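Me: Hi! Could you walk me through this one?

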Amino acid sequence: MTLLIGSIQLGLLYAIMALGIYITFRILNLPDLTVDGSFSLGMACAAVVTISGHPFLALFIAILAGSFAGLATGLLHTKLSIHPILAGILVMTGLYTVNLAIMGGKGNISVVGSKTIFSMVESMVVVPGGMGETLLALSICIIVIAILAISFKTRFGLAIRATGDNEDMVRLSSINANVSKCIALSTGNACVALSGALICQYQMFSDVGSGSGMVIIGLASVIIGETIFGRRSVTIGLVSAAFGSILYRIILAFALKIDMFPAYALKLISAVIVIIALSGPSIKAIIQQNKIRREVQTVKKAQ
Amino acid sequence: MLALTDLIIKLVVNNMLDLINVSKTFYAGTVNERKALNSINLHLDPGDFVTIIGSNGAGKSSVFNAIAGAFYIDSGAILLDNKNISMMADYKRAYDIGRLMQDPMKGTAPSLTIEENLALAYSRKAHKSLFALNKRDSEYFRELLTRLDLGLESRMKTKVGNLSGGQRQAVTLLMCTISLPKLLLLDEHTAALDPATALKILKITTDIVAESRITTMMITHDIKDALALGNRTIMMDEGEIILDIKGEERSKMTIEELLTYYSRERKKQLTDDRILLA
Ligand SMILES: Nc1ncnc2c1ncn2[C@@H]1O[C@H](COP(=O)(O)OP(=O)(O)OP(=O)(O)O)[C@@H](O)[C@H]1O
Ligand SMILES: [Mg+2]
């Protein structure tokens, strides 16, 4: 039970990162690799500010920092015409140094003993079994999804969705597609950094290496959600990404629990999930083709 | 002072579009050097509907690209409604210029619905509203779609990717004209469609242009259409305008005469294998 609750809590907190990935990968249709860096960035900012005694401010600083990281990638891509994947890698690489600098040159710092939003809720709500933490994580997740879902229904949100779909058409409609891209990248990475900040306060430490592989974990969550809910509207997509994240954590926790895998297998599993999901359409096509081939052959034989 | 002279010019002179000595050379100084536009001069009055013909590579699309800002011109000036737009970014020019390409896939976002596509195009001139979709706009879109007479008014929530090429092109046509631009550029916008659909889209085009009185330029490879539609016809070759006819001269012009003129003027046959003579 504690295992289940623990993975639901983690799933909800990582869900916010999955939302960020959903925005860049699915809505903007742009593989953004800044994520690994901006997750750690959120953690680092949150750790330092939390230690100074401002757990809420820590989250806002993380959001701000993440959005700047996304903006940097966006500007490299739109203003300097650097390939988006490379732009993301460049910012991610640069962020490694930035993150270390924020943490005063240390690879990891602990926030144990500082006030966090989770410790505050636990001390306020007197329900046993970490219920307060779960509710807090759930409310944050719902609030973020609601804000994003509403944003994507506005004119500007529509412009971002259209930019991911057909950039030329957006320009023909007199909308600056570059602005759409930068804002979407900003928003996505703000989500990722917020997720990093929450994980930092939840796990009571910040590690400069925590972000590595986050892109794939987030993408795996998005894909798990899509296999359950299908690819439909943006609102459903956001909700399904969050569900995917929770499911991912639950599957992972139980796989580790029954010693199916050692803990360090986590990233390989994520990679395999993404590969399987991405190969789905082509495998389906191959099966379909073989079926047609067999049918044609039986027809020939019958003749 | 400047503003006053601008105003006087606007009142006295009837200008919608002016190309003044517009030139563009691709790959200048290399073996691939290609003069796409050679000192083009063109003046359009408000409400003009100009058809443009010419062989492959004549520079027809390049004129549109220059006007819409797909590239910046090497020299000369482009004035839209007396405003110099030569150095303006393409998306800013799009505020007053609607453009339709040959490829029906280009002008719409396939995974957005018809309604969402129209809303995006309309955001140029729509009333301020937080949400992209709202009742008032939807009613307006439905009305416009009904006029197309393609049954699309009942499919506003359908993704544009599920429409046929002709239906997509019709939706794109609405998107290009929905915010009443000063200039409409049509680049062989029916060429990728089957003849029956092409005819229908052309009919819709002329209806919309006639009603909205938007100044329009239409590239076509159908000489018959070129002479029948609009009020003026331009022929281009090798980056130059070699013929510009309107009024009586145009109404008396026949396809044969036009072809003879071309071969006499350019000392060669009109070599566009897509040019329709019928
Ligand atoms: N972006 C570009 N880069 C290099 N050359 C170009 C470019 N655009 C046009 N050209 C060249 O300029 C010339 C004019 O091309 P343009 O597309 O304007 O012809 P067109 O009259 O539209 O022909 P078509 O009937 O085939 O569409 C061609 O020789 C073409 O190769
Ligand atoms: Mg062309």
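Here is a chat about the contact between the chains, some salt bridges and a few single residues.

Me: Before we start, what kind of model is this?

Reply: This is a predicted model.

Me: Okay. How many residues of chain B are in contact with chain A?

Reply: On the chain B side there are 31 residues, and they are in contact with 18 residues of chain A.

Me: And what area do the two chains bury between them?

Reply: About 2100 Å², with 58% of that on carbon and sulfur atoms. Within chain B, the residues that lose the most area to chain A are B:Tyr91, B:Leu120 and B:Ala132, and together they make up 30% of what that side buries.

Me: What about polar contacts between chain B and chain A, how many residue pairs?

Reply: The count is 15 residue pairs in polar contact, both residues being at pLDDT 80 or more. As for secondary structure, helix H3 (90–93) and helix H4 (114–122) of chain B are the elements that give two or more residues to the side touching chain A. H4(B) provides the largest share of that side, five residues.

Me: How does that side of chain B split by class?

Reply: It has 16 nonpolar residues, eight polar ones and seven charged ones.

Me: Now the salt bridges. How many are there between chain B and chain A?

Reply: Three salt bridges are counted between chain B and chain A. One pair in a salt bridge is B:Asp137 with A:Arg155, where the closest N and O atoms are 3.1 Å apart.

Me: Where do A:Arg155 and B:Asp137 sit?

Reply: A:Arg155 is in helix H7 of chain A and B:Asp137 is in helix H5 (residues 135–148) of chain B, so this pair joins two chains. Both A:Arg155 and B:Asp137 are buried.

Me: And the rest of H7 in chain A, how many of its 11 residues are buried?

Reply: Nine of the 11 residues of helix H7 (residues 155–165) are buried, so this helix is largely enclosed by the rest of the structure. Among the buried ones are A:Arg155, A:Leu158, A:Ile160, A:Arg161 and A:Thr163.

Me: Switching to the whole structure: how many salt bridges are there over all chains?

Reply: There are 18 salt bridges over all chains. A:Glu226 and A:Arg26 form one, with their closest N and O atoms 2.6 Å apart. A:Glu226 belongs to helix H10 (residues 214–229) of chain A and A:Arg26 to helix H1 (residues 2–27) of chain A, so the pair ties together parts that are 200 residues apart in sequence.

Me: Are those two buried or exposed?

Reply: A:Glu226 is buried, at a relative accessible area of 13%. A:Arg26 is partly exposed, at 23%.

Me: Got another one inside chain A, say with A:Glu167? What is its partner?

Reply: A:Glu167 forms a salt bridge with A:Lys181, and the closest N and O atoms are 3.1 Å apart. A:Glu167 is in helix H8 (residues 167–172) of chain A and A:Lys181 in helix H9 (residues 177–203) of chain A, 14 residues apart. A:Glu167 counts as partly exposed at 28% relative accessibility, while A:Lys181 counts as buried at 8%. Over in chain B, salt bridges that share partners join B:Asp81, B:Asp96, B:Lys125 and B:Lys182 into one network.

Me: Which side chain of opposite charge is nearest to B:Asp18?

Reply: That is B:Arg232, 8.7 Å away; B:Asp18 is buried yet has no salt bridge. B:Asp18 is in strand E1 (residues 17–26) of chain B. Its side chain does have a polar contact of 2.8 Å with the side chain of B:His43. Beyond four places in sequence, B:Asp18 touches B:Leu42, B:His43, B:Ala77, B:Ile78 and B:Leu79.

Me: And B:Lys24, buried or exposed?

Reply: B:Lys24 is buried, with a relative accessible area of 11%. B:Lys24 is in strand E1 of chain B too. Leaving out neighbours within four places in sequence, its contacts include B:Arg34, B:Leu37, B:Phe71, B:Tyr72 and B:Asp74.

Me: Last one: what does A:Ile145 touch?

Reply: Not counting residues up to four places away in sequence, A:Ile145 touches A:Leu19, A:Leu238, A:Val239 and A:Ala242. A:Ile145 is in helix H6 (residues 131–151) of chain A and is buried, with a relative accessible area of 13%.

Technical notes: Residues numbered from 1 in each chain as written. Chains lettered and ligands numbered in written order. Predicted model: local features only at pLDDT ≥ 70, side-chain atom pairs only at ≥ 80, totals over all residues. Heavy atoms only, no water. Contact = heavy atoms within 4.5 Å. Buried area = accessible area lost by both parts, 1.4 Å probe. Salt bridge = Lys/Arg side-chain N within 4 Å of Asp/Glu carboxyl O. Polar contact = N/O pair within 3.5 Å; in protein donor to acceptor, adjacent residues only side chain to side chain. Helix = DSSP H or I, 4+ residues; strand = E, 2+ residues; numbered from the N terminus. Nonpolar A, V, L, I, M, F, W, Y, C, P; charged D, E, K, R; others polar. Buried < 20%, exposed > 50% of the residue type's maximum accessible area, 1.4 Å probe, protein only. Lys, Arg positive; Asp, Glu negative; His and termini not counted.
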